[in-house]
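Hello,

Here is the structure I promised to pass on. Please open it alongside this note; my findings on the sheet and the helices follow below.

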Amino acid sequence: MPQLTARNRHRVAFRLNGRQVEALAENRMLLSDLLRHELGATGTHVGCEHGACGACTIQVDGAPARACLILAAQIDGADVRTVEALAPQPGRLSVLQAAFREKHGLQCGFCTPGILMTLDALLTTRPDASEAEIREHLSGHLCRCTGYATIVAAALAAVEELRKEQKENA
């Protein structure tokens, strides 16, 4: 990581949702603030700002990460995905997003982007994830509205749809 000086903003270059971006960040700027305020990726929500709620979860190099716990300067050279990257094309939902809509996996929606990013990372590596695995991965997220039942149902519906797609493509 480069040596940072207090008086300067520092250039940060990384891939955001598949495209190369550059921004200037102050030493103490959080990645969540860079994404939302400098780059317009407002799907990344900021809840507790302590990493406990999971609302700001994104993916860094394919793994879920809390954007409120990462300094923007730390992300230089990384591959970052936010909830905006989930849709396969404009106007079309991903399998996971469609399952959330169908199974009412959200209510107020504040926690939803972080939950979607965690589940997307899980289903990318484990498209046949079990209910226990889904619940374990959701354990780092706080949702005050749904009681998690519809979120788990949506994730399981996505697993089933991914199974069907795998059989069709085999």
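Arg11 has Leu24 of strand 2 as its bridge partner. This is a predicted model, so treat everything below as computed from it. Strand 1 covers residues 10–16 and pairs with strand 2 in the antiparallel sense. Seven bridges join strand 1 and strand 2.

Now the whole sheet. It is open and has five strands, in the order 2-1-5-3-4. The pairing is mixed. Strand 2 (19–25) and strand 4 (63–66) are at the edges. Each has a single partner strand, so one side of each lacks a neighbour in the sheet. From one strand to the next, the twist averages 40 degrees.

Next, the helices. Helix 3 (residues 112–125) lies across strand 3 (57–60), strand 4 and strand 5 (79–81). Its angle to strand 3 is about 35 degrees.

Helix 3 also packs with helix 2 (residues 95–102). The angle there is about 130 degrees, and the axes are 10 Å apart. That angle makes helix 2 oblique to helix 3. The crossing of the two helices is right-handed.

Which residues meet where helix 2 and helix 3 are in contact? Helix 2 brings Leu96, Gln97 and Phe100. Helix 3 brings Thr112, Ile115, Leu116, Leu119, Asp120 and Leu123. Of the residues in this contact, six are nonpolar, two are polar and one is charged.

Best wishes

Note on methods: Residues numbered from 1 in each chain as written. Predicted model: local features only at pLDDT ≥ 70, side-chain atom pairs only at ≥ 80, totals over all residues. Heavy atoms only, no water. Pairing = 2+ DSSP bridges. Helix = DSSP H or I, 4+ residues; strand = E, 2+ residues; numbered from the N terminus. Axes fitted to C-alpha atoms, helices over the stretch in contact; angles between N-to-C directions. Contact = heavy atoms within 4.5 Å. Parallel < 35°, antiparallel > 145°, perpendicular 65-115°, else oblique. Left-handed = near helix turned anticlockwise from the far one by under 90°. Nonpolar A, V, L, I, M, F, W, Y, C, P; charged D, E, K, R; others polar.
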